[in-house]
Amino acid sequence: MKDNDCIFCKIAAGDIPATKVYEDDVVVAFKDLNPMMPVHTLIIPKEHYDNIADDIPDATLAHLMRTVGTVADAQGVRETGFRIIANTGADACQSVGHVHIHVLGGAPMNDGDPSLS
Ligand code: 5GP
Ligand code: ZN
């Protein structure tokens, strides 16, 4: 269900611009506005769910995760490696309440550092 106040719902609907790197009927992937790495892409389902622990249908969740590889290919980081993060809730500093997976790469990262910002 579309949340009219949700910025990522608006990106999914095309109501506000984003630099899209992949899109299909279920998901859209776009470049983060404030990239933390040379490659920093966000993958979202077009339907609104609050976070990765929300009641996301299995097919949508699988599609979301399958898109990680698609984005890695599109961004040229499948071979060099990348990291995915789904910040969830206050302790993890989730700042947009529409589930999203960060795909980070393009340079070496700290070993096991769980922080993104
Ligand atoms: P979170 O902190 O919730 O895990 O990540 C939210 C991410 O969304 C942040 O990295 C932030 O830079 C990004 N972001 C917030 N608003 C926008 C926007 O309007 N467009 C794009 N492309 N990214 C956004
Ligand atoms: Zn939303």
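What makes the arrangement of the four donor atoms around the zinc ion (ligand 2) tetrahedral? In this predicted model, the answer lies in the angles: the four donor atoms subtend 104 to 117° around the zinc ion, and that makes the arrangement tetrahedral. The cut-off here asks that all angles fall between 85 and 135 degrees.

The protein side of the site is made up of two cysteines and two histidines, namely Cys-6 and Cys-9 through SG, and His-48 and His-98 through ND1. These donors sit 2.0 to 2.3 Å from the zinc ion. Read along the chain, their spacing is C-x2-C-x38-H-x49-H. The pair Cys-6 and His-48 ties together distant parts of the chain, being 42 residues apart. Cys-6 belongs to the segment before helix H1 (7-13), while His-48 is found in the loop between strand E3 (39-45) and helix H2 (58-75). As for exposure, Cys-6 has a relative accessible area of 6% and is therefore buried, given that buried means under 20%. His-48 comes out at 14% relative accessibility, so this residue counts as buried too.

Turning to the other ligand, ligand 1 has 16 residues around it, and the ones that come nearest are Lys-31, Asp-32, Asn-87, Ser-95 and His-102. Backbone atoms also take part in the picture. A backbone N or O atom of Lys-31 is placed 2.9 Å from a nitrogen atom of ligand 1, and Leu-33 likewise has a backbone N or O atom 3.2 Å from a nitrogen atom of the ligand. With Cys-93, the partner is an oxygen atom of ligand 1, which lies 3.2 Å from a backbone N or O atom of that residue. On its own, ligand 1 would expose 520 Å², and the protein buries 84% of that area.

What about the chain as a whole? Its secondary structure amounts to two helices and five strands, and going from the N terminus the order of elements is α-β-β-β-α-β-β. The C-alpha trace spans about 40 × 30 × 30 Å along its principal axes. For 117 residues, a compact globule would be expected to have a radius of gyration near 13 Å; the chain has 14 Å, so the two agree. Of the 117 residues in the chain, 38% are buried.

How values were computed:
Residues are numbered from 1 along each chain as its sequence is written. Chains are lettered from A and ligands numbered from 1 in the order in which they are written. This is a predicted model: local features need pLDDT of at least 70, side-chain atom pairs count only at pLDDT 80 or more; totals for chains, interfaces and linings use all residues. Side-chain values use heavy atoms; hydrogens and water are left out. Donors are N, O and S atoms within 2.8 Å of the metal (3.2 Å for Na, K and Ca); water is not among the atoms, so sites may look incomplete. Four donors count as tetrahedral if all angles lie between 85 and 135 degrees; four count as square planar and six as octahedral if opposite donors are over 155 degrees apart and all others between 65 and 115; anything else is irregular. Helices (H or I, at least four residues) and strands (E, at least two) are DSSP runs, numbered from the N terminus. Buried means under 20% relative accessible area, exposed over 50%, partly exposed in between (1.4 Å probe, protein chains only). A residue is near a molecule or strand if one of its heavy atoms lies within 4 Å of it. A polar contact is a pair of N or O atoms within 3.5 Å; within protein, one must be able to donate a hydrogen and the other to accept it, and residues adjacent in sequence count only if both atoms are side-chain atoms. Accessible areas come from the Shrake-Rupley method with a 1.4 Å probe; for residues, only the protein chains shown count as cover. The radius of gyration is taken over C-alpha atoms; the globule rule is 2.2 Å times the number of residues to the power 0.38.
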